[in-house]
Amino acid sequence: MILNPVTPGVATITVTVSDGNANAMQTVAATVAEPENAQTEEQGTDTGQTTTTEPENALTGIGVLAQDSQGRETHMRVRMEPAGAKWARVNFEIEPYEAGNMCCYQSFADDVYIKFTCAGGYSGGATVKIIVDDHYGHRFEKPISFTCR
């Protein structure tokens with residue numbers, strides 16, 4: 001199980017497994033600490049002004065490294081920029097809504113692998129907008145267009 005924390009705090013996680021004959025359950029508490037490189041405010045020495053320092057691992061953008069369409073499915077590999085950027089959430093918007101659905105996305109470090117499947121009977125253009133947020137309030141969007149045939 002991989003947890004992608006969104007905000008600092010404590011969460012209770014209950015995992016239940018079954019082999020069809022017997023069940024087992026375990027509950028644990030997970031604590032998410034404040035990021036070490038969170039934005040900090042510093043007082044200017046001469047002017048008295050407050051300046052904001054961006055953390056080293058703040059997200060600066062997203063890029064599509066690969067796109068492969070096979071039949072009515074499109075597989076995409078999205079990279080967080082810069083490498084090592086810590087992101088909190090990935091969302092998707094599909095235009096038009098009835099064109100299809102996102103399925104089975106997985107994340108590995110800087111990369112997110114996603115799959116879009118065209119809806120049965122839908123033919124025409126479709127756009128998937130990938131939306132990524134990080135813990136520091138940054139949001140980046142990347143539209144990817146293709147044709148369902």
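Which element of the protein chain has the lowest mean pLDDT, and which the highest? Strand E3 (residues 40-43) has the lowest, at 46, and E10 the highest, at 93. This is a predicted model, and the protein chain averages a pLDDT of 79. Of the residues, 69% score at least 70. Over residues 40-44 the pLDDT is below 50. Beyond near neighbours in sequence, that stretch has 14 contacts in the model. Where pLDDT is low, the predicted coordinates should not be read in detail.

**The sheet around E10**

E10 belongs to an open sheet of three strands, in the order E7-E10-E11. The pairing is antiparallel. E7 and strand E11 (139-148) stand at the edges. Each has a single partner strand, so one side of each lacks a neighbour in the sheet. Neighbouring strands here are turned by 20 degrees against each other on average, direction ignored.

Eight bridges join E7 to strand E10 (residues 124-134). Glu93 stands opposite Lys129 in E10. Trp87 stands opposite Asp134, also in E10. On the other side of the pairing scheme, ten bridges join E10 to E11. There, Ala126 has Phe146 in E11 as its bridge partner. E10 and E11 form a hairpin with four residues between them. Gly137 sits in that turn, with a positive phi of about 90 degrees.

**A second hairpin: E5 and E6**

Strand E5 (residues 61-70) and E6 pair in the antiparallel sense, over nine bridges. Ala66 has Arg77 in E6 as its bridge partner. The two strands form a hairpin with two residues between them. Gly71 lies in the turn and has a positive phi of about 65 degrees.

**The loop from E6 to E7**

What follows E6 is a loop that holds Pro82 and Lys86. The loop runs between strand E6 (73-81) and strand E7 (87-95). The peptide bond from Glu81 to Pro82 is cis, with omega near -5 degrees.

Is Lys86 buried or exposed? Lys86 counts as partly exposed because its relative accessibility is 46%. Which residues does Lys86 touch, leaving aside its neighbours within four places in sequence? The contacts are Asn57, Asp134 and His135. Asp134 also stands opposite Trp87 in the E7-E10 pairing. Another long-range relation concerns Glu56, 30 residues from Lys86 along the chain. The C-alpha atoms of Lys86 and Glu56 are separated by 9.8 Å.

**Backbone exceptions past E7**

Most residues other than glycine have a negative phi, and most peptide bonds are trans. The bond from Glu95 to Pro96 is cis, again with omega near -5 degrees. Pro96 is in the loop between E7 and strand E8 (100-108). Within strand E8 lies Cys104. Cys104 has a positive phi of about 55 degrees although it is not a glycine. Cys104 is exposed because its relative accessible area is 55%, above the 50% cut-off.

**Aromatic pairs**

How many aromatic pairs are there? The count comes to three. Two of them are set out here.

| Pair | Geometry | Centre to centre | Angle between planes |
|---|---|---|---|
| Phe92 and Tyr105 | edge-to-face | 5.2 Å | 75 degrees |
| Phe108 and Tyr113 | edge-to-face | 6.0 Å | 65 degrees |

The pair of Phe92 and Tyr105 links distant parts of the chain. Phe92 is in strand E7 and Tyr105 in strand E8, 13 residues apart. Why does Phe92 count as partly exposed? Its relative accessibility is 21%, and buried means under 20%. Tyr105 is partly exposed too, with a relative accessible area of 41%.

In the pair of Phe108 and Tyr113, both rings belong to partly exposed residues. Phe108 has a relative accessible area of 49%, and exposed means over 50%. Tyr113 has a relative accessibility of 33%.

**Putting E7 in place**

Several of these features meet at E7. The strand stands at an edge of the sheet and is joined to E10 by eight bridges. Phe92 in E7 pairs with Tyr105 in E8. The loop before E7 holds Lys86, and the loop after E7 holds Pro96.

Conventions:
Residues are numbered from 1 along each chain as its sequence is written. This is a predicted model: local features need pLDDT of at least 70, side-chain atom pairs count only at pLDDT 80 or more; totals for chains, interfaces and linings use all residues. Side-chain values use heavy atoms; hydrogens and water are left out. Buried means under 20% relative accessible area, exposed over 50%, partly exposed in between (1.4 Å probe, protein chains only). Contact means heavy atoms within 4.5 Å. Two strands pair if DSSP finds at least two bridges between them. Axes are lines fitted to C-alpha atoms, for helices over the stretch in contact, and angles run from 0 to 180 degrees between N-to-C directions. Rings of Phe, Tyr and Trp (its six-membered ring) pair if their centres lie within 6.5 Å; planes under 30 degrees apart count as stacked, over 60 as edge-to-face and the rest as tilted. pLDDT is the predictor's confidence in each residue, from 0 to 100.
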